[in-house]
Amino acid sequence: MKRIKLILAIAALSAASLAMAESDNKTAGNPEAATYKTLTLESSTVYAQTPEVEPYKYGMNLDIADFIKIEYLRPEPTYCGPIPAQISYKDSKGEFHVVEYLYPDTSGCTDNG
């Protein structure tokens with residue numbers, strides 16, 4: 001049930017991203033507030049935390065309590081080789097993390113030999 005609520009919340013925030021308005025005036029002079037974006041949904045305002053992307057280091061302990069998503073950042077659809085990928089997750093303390101790593105993508109590879 002918890003995963004369904006999380007998926008529904010992510011879907012709602014994704015759909016609402018079309019109506020997203022970043023608030024630069026509220027974050028001026030406040031470096032902590034700069035990590036939040038303001039989403040306006042009809043008559044209510046929601047604050048969504050945007051975590052820093054952390055590069056993966058060998059042996060890094062990933063405390064993954066709730067998996068959010070994996071995103072593959074292909075430079076072009078027919079690219080063949082390692083590509084950056086990002087995993088988003090929530091740790092056991094409830095904090096969101098995004099870790100970037102290299103993924104060996106072969107989806108754009110062809111055998112022309």
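Here is a short chat about a sheet, a disulfide and a loop residue in a predicted model.

Me: What should I know about the numbers first?
Reply: The model is predicted, so local features need pLDDT of at least 70 and side-chain atom pairs pLDDT 80 or more, while totals for chains, interfaces and linings use all residues. Residues count from 1 along each chain as its sequence is written, and side-chain values use heavy atoms, with hydrogens and water left out.

Me: Why are C80 and C109 called a disulfide?
Reply: The definition asks for a pair of cysteine sulfur atoms within 2.5 Å. Those of C80 and C109 sit 1.6 Å apart, so the pair qualifies. The link is right-handed, with 85° about the S-S bond. C80 lies in the loop between β4 and β5 and C109 in the segment after β6, so parts 29 residues apart in sequence get tied together.

Me: What makes K93 exposed and C80 partly exposed?
Reply: Buried is under 20% relative accessible area, exposed is over 50%, and partly exposed is in between (1.4 Å probe, protein chains only). K93 has 70%, so it is exposed. C80 has 43%, so it is partly exposed.

Me: How do you know that β4 and β5 pair?
Reply: Strands here are DSSP runs (E, at least two residues), numbered from the N terminus, and two of them pair if DSSP finds at least two bridges between them. β4 and β5 (residues 81-90) have six, in the antiparallel sense, so they pair.

Me: Why is β4 an edge strand?
Reply: The open sheet runs β3-β6-β5-β4. β4 (66-72) has a single partner strand, so one side is left without a neighbour in the sheet.

Note on methods. Helix = DSSP H or I, 4+ residues; strand = E, 2+ residues; numbered from the N terminus.
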